[in-house]
Amino acid sequence: MHSTATPATPVTSATPAVVAAVTETHCPYCALQCGMGLTAVTGGGVEVVERAAFPVNKGALCGKGRTAPALLSSRVRLTEPLVRSHATGKLAPSTWEEALDRIARELSRTRAEHGADACGVFGGGGLTNEKAYALGKFARVALGTSQIDYNGRFCMSSAAAAGQRAFGLDRGLPFPLADIPRTGCVILVGSNLAETMPPALRYLTELRENGGTLIVVDPRRTRTAEQADLHLAPRPGTDLALALGLLHLVVAGGRTDEAFIEERTTGWEEARAAAMAHWPELVERITGVPVPQLRETVRMFCDAEAAMVLTARGPEQQSKGTDTVGAWINLCLATGRAGRPLSGYGCLTGQGNGQGGREHGQKADQLPGYRKLTDPAARAHVAEVWGVDPASLPGPGRSAYELLDALGGDVKTLLLMGSNPVVSAPRAAHVERRLRSLDFLAVADVVLSETAELADVVLPVTQWAEETGTVTNLEGRVLLRRRAVSAPDGVRSDLEVLHGLAARLGHGAKFPTDPREVFEELRRASAGGAADYSGISYERLREGEGEGVFWPCPRQGVGSEDPEGRETPEGGEGVHPGTPRLFLDRFATEDGRARFVPVVHRAAAEEPDAEYPVLLTTGRVLAQYQSGAQTRRVEELNTAAPGPFVEMHPRLAARLGVAEGEAVAVVSRRGRAVAPARVTSSIRSDTVFMPFHWAGEGRANSLTHPALDPVSRMPEFKVCAVRLEPAAPREGVRAAARPDPPVEG
Ligand SMILES: Nc1nc2c(c(=O)[nH]1)N[C@H]1C(S)=C(S)[C@@H](COP(=O)(O)OP(=O)(O)OC[C@H]3O[C@@H](n4cnc5c(=O)[nH]c(N)nc54)[C@H](O)[C@@H]3O)O[C@H]1N2
Ligand SMILES: Nc1nc2c(c(=O)[nH]1)N[C@H]1C(S)=C(S)[C@@H](COP(=O)(O)OP(=O)(O)OC[C@H]3O[C@@H](n4cnc5c(=O)[nH]c(N)nc54)[C@H](O)[C@@H]3O)O[C@H]1N2
Ligand code: SF4
Ligand SMILES: [Mo]
């Protein structure tokens with residue numbers, strides 16, 4: 001197959017002054033956080049150069065990373081604050097003073113009239129650790145509101161909840177990616193890695209070259225599934241039944257690891273009993289996966305000396321995502337494939353700082369260091385670092401969709417940083433209406449996203465290559481992104497925005513603008529928490545090849561020994577090496593044992609019926625990122641993936657009477673979307689797939705169901721019921737056309 005990951009070739013952009021000859025940094029997009037170098041080109045601008053020594057991607061980048069400098073150009077980005085004029089109702093350029101004054105005034109007014117909880121804050125998993133930390137602190141200290149959450153709730157919250165429940169700790173991968181080629185068998189559930197993290201495909205290729213086997217579970221035969229020894233194509237929303245059916249066969253075939261279950265787990269009897277109700281024939285009926293394939297999966301998984309299960313958004317973005325991931329973890333535990341070298345369960349987190357962004361307090365129920373807002377000891381510790389009374393900290397707030405749904409109700413004013421929910425939230429037309437019904441909306445972004453277009457004030461902020469900060473990749477590896485170029489005049493960093501607002505609210509001194517200073521405070525706030533960063537410093541992150549440090553990494557006191565037994569230098573600090581591999585000796589639960597959770601299959605929130613007979617699932621394509629706010633502004637990416645489409649099986653297309661490229665209307669109980677048909681036999685014939693990267697007529701989230709997982713509050717992006725119709729003659733013209741020409745700044 002042709003590789004989707006290519007070594008970096010130069011892409012230039014017209015940008016301001018370059019700080020150093022080659023600056024080692026990381027890609028602005030996904031959770032792999034590929035290492036890259038940025039260097040000046042004669043005539044202005046920067047280009048991406050290979051950073052071969054960085055271990056995760058070894059120089060390889062996908063097209064998004066390679067073309068990322070295009071976004072630094074002032075042609076496509078925001079370079080001055082915009083304020084909505086009372087007279088014209090339109091956004092117009094303004095000064096920073098006026099923009100910040102206006103936001104602070106509205107926040108103060110809202111708080112005075114309706115109470116602190118009428119102020120909402122919405123963050124993003126792309127924000128650096130420093131920003132996520134400062135945003136959570138801003139909500140709790142400067143505003144005193146409980147109403148903060150972030151888009152990570154849409155991303156990996158179900159896997160996080162299941163990991164907490166089973167292992168007592170959530171870190172996406174409990175081992176480095178480099179372990180994958182050395183295991184014996186990988187079951188990859190609902191991940192299209194070849195398109196969503198192309199340089200990581202190498203690890204699966206090496207696994208197979210080493211004689212290991214790869215099983216991919218996806219309703220579509222994706223580029224990733226094409227690499228597999230075995231591809232299971234379940235009906236969307238049935239992974240829970242599938243995992244339970246496999247566990248049934250493991251038990252029936254006597255392939256459990258009794259010694260492991262006895263020594264390292266609790267709760268097996270209940271989990272076993274729950275799984276035994278899922279007979280292979282029943283599971284075949286629910287999932288559509290034939291019994292022989294179930295048996296073959298068990299054989300490959302259990303025959304291997306070591307094995308892994310990796311999940312991504314396919315099984316997680318369901319209203320039963322937590323239980324579904326729990327069922328896959330149960331399979332690992334029952335077979336002794338957890339807490340041992342080269343074996344285990346892992347979640348492939350998605351956003352650039354998807355991991356770190358969920359550790360330091362922008363989540364509704366959380367304080368820094370992965371602490372709980374409901375835990376009195378955690379409140380006392382963090383309140384001390386923040387210099388406030390623990391009693392002044394609010395309690396947990398609403399989850400992301402619930403918060404968006406409350407806008408215009410009891411939440412009157414919203415500050416949004418690092419998300420574009422008009423495109424990416426479920427039931428997006430409703431969310432858009434809620435955003436419009438706010439008294440006041442402030443958005444900080446690098447571009448005029450569809451959500452920023454609705455704002456009363458838009459703040460133009462610095463981005464990736466223009467600022468320093470840490471991110472934590474999907475392996476739990478804390479990395480330093482370094483500033484490579486100076487930002488254009490007129491933009492400020494998110495940290496400066498938070499400082500400016502806090503100062504106007506009387507808390508300026510608590511919000512430093514230097515990322516390093518914020519990180520030093522984060523270290524102290526996280527000390528002793530599950531995600532302990534206290535032993536990590538910017539200096540350490542610059543060492544070696546900048547390969548980073550895996551958390552937990554506590555700071556070690558004088559005279560203590562580090563885990564490898566090195567003596568702490570007299571009078572100095574011990575150096576904790578970081579923790580690339582978790583759970584090898586014990587799980588992070590109180591008794592050190594992993595917990596089986598008894599789970600049973602249940603239907604999706606909305607199953608097909610006579611009126612809406614087809615299943616819709618949604619996801620991604622290689623060349624676009626998320627809501628597309630960034631990548632739709634990069635010409636090369638737009639040429640590669642110019643617009644939305646509806647992927648469908650030839651039988652479905654024939655029944656509908658549409659040919660390849662013809663506009664189709666997809667209708668759900670929430671709304672309607674129109675996009676050209678892409679006819680392919682690589683998808684199940686009862687299912688259509690739409691990527692969610694576009695706004696307007698082709699917006700997939702006009703259709704999706706906002707049903708939430710009861711534990712994680714993750715929406716059901718991966719399954720709902722739709723009906724298909726040939727589009728009306730004038731419809732779909734826009735959908736088929738190139739959607740977003742670069743915006744002139
Ligand atoms: N190119 C690109 N890369 C990205 C991103 C992007 O937007 N574009 N976003 C980043 C982020 S934030 C994330 S979260 C990751 C996501 O990375 P992935 O999880 O790999 O991405 P998705 O395309 O959302 O979903 C993966 C697969 O799940 C399948 N699927 C759909 N329904 C089901 C189901 O019910 N069960 C199972 N087993 N599979 C199902 C889809 O067919 C799809 O191929 O990607 C990251 N990388
Ligand atoms: N139907 C469907 N919907 C989905 C999904 C799906 O699979 N199907 N996946 C869900 C998932 S996994 C995710 S992660 C969400 C993501 O969806 P969104 O939350 O909308 O994510 P992005 O498009 O990355 O939005 C980030 C915004 O912040 C801006 N930005 C980037 N960096 C910075 C920064 O440093 N500071 C500030 N202030 N702004 C910045 C970008 O320009 C962009 O406008 O979508 C979810 N929606
Ligand atoms: S795989 Fe992810 S981190 Fe790597 S270059 Fe592509 S988008 Fe960037
Ligand atoms: Mo995500």
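**Exercise 1. Is Cys 27 buried or exposed, and why?**

Conventions come before the solution. This is a predicted model, where local features need pLDDT of at least 70, side-chain atom pairs count only at pLDDT 80 or more, and totals for chains, interfaces and linings use all residues. Residues are numbered from 1 along each chain as its sequence is written, chains are lettered from A and ligands numbered from 1 in the order in which they are written, and side-chain values use heavy atoms, with hydrogens and water left out.

Step 1. Apply the cut-offs: buried is under 20% relative accessible area, exposed is over 50%, and partly exposed lies in between (1.4 Å probe, protein chains only).
Step 2. Cys 27 has 7% relative accessibility, so Cys 27 is buried.
Step 3. Cys 34 also has a relative accessible area of 7%, so Cys 34 is buried.

**Exercise 2. Find the residues closest to ligand 3, and count the disulfides.**

Step 1. Collect the residues with a heavy atom within 4 Å of the ligand.
Step 2. For ligand 3 this gives 13 residues, with Cys 27, Cys 30, Cys 34, Cys 62 and Pro 199 the closest.
Step 3. Sort the shell: 10 are nonpolar, 2 polar and 1 charged. Nonpolar here means Ala, Val, Leu, Ile, Met, Phe, Trp, Tyr, Cys and Pro; charged means Asp, Glu, Lys and Arg; the others, Gly among them, are polar.
Step 4. Look for pairs of cysteine sulfur atoms within 2.5 Å, the disulfide criterion. The structure holds 0 disulfides.

**Exercise 3. Describe how the protein holds ligand 1.**

Step 1. Ligand 1 has 33 residues around it; Asp 218, Asp 239, Arg 620, Gln 624 and Gln 626 come nearest.
Step 2. Check backbone atoms. An N or O atom of the Asn 192 backbone is 2.7 Å from a ligand 1 oxygen. For Thr 196, a backbone N or O atom is 2.8 Å from a ligand 1 nitrogen.
Step 3. Check side chains. An N or O atom in the Asp 239 side chain lies 2.7 Å from a nitrogen of ligand 1.
Step 4. Ligand 1 alone exposes 900 Å², and the protein buries 99% of that (Shrake-Rupley method, 1.4 Å probe).

**Exercise 4. Do the same for ligand 2.**

Step 1. Ligand 2 is surrounded by 31 residues, and Asn 151, Ser 419, Ser 424, Asp 445 and Ser 627 are the closest.
Step 2. Its shell holds 12 nonpolar, 14 polar and 5 charged residues.
Step 3. A polar side-chain atom of Ser 419 is 2.7 Å from an oxygen of ligand 2. The Asn 701 side chain places an N or O atom 2.8 Å from a nitrogen of ligand 2.
Step 4. Ligand 2 alone exposes 920 Å², of which the protein buries 95%.

Notes: Polar contact = N/O pair within 3.5 Å; in protein donor to acceptor, adjacent residues only side chain to side chain.
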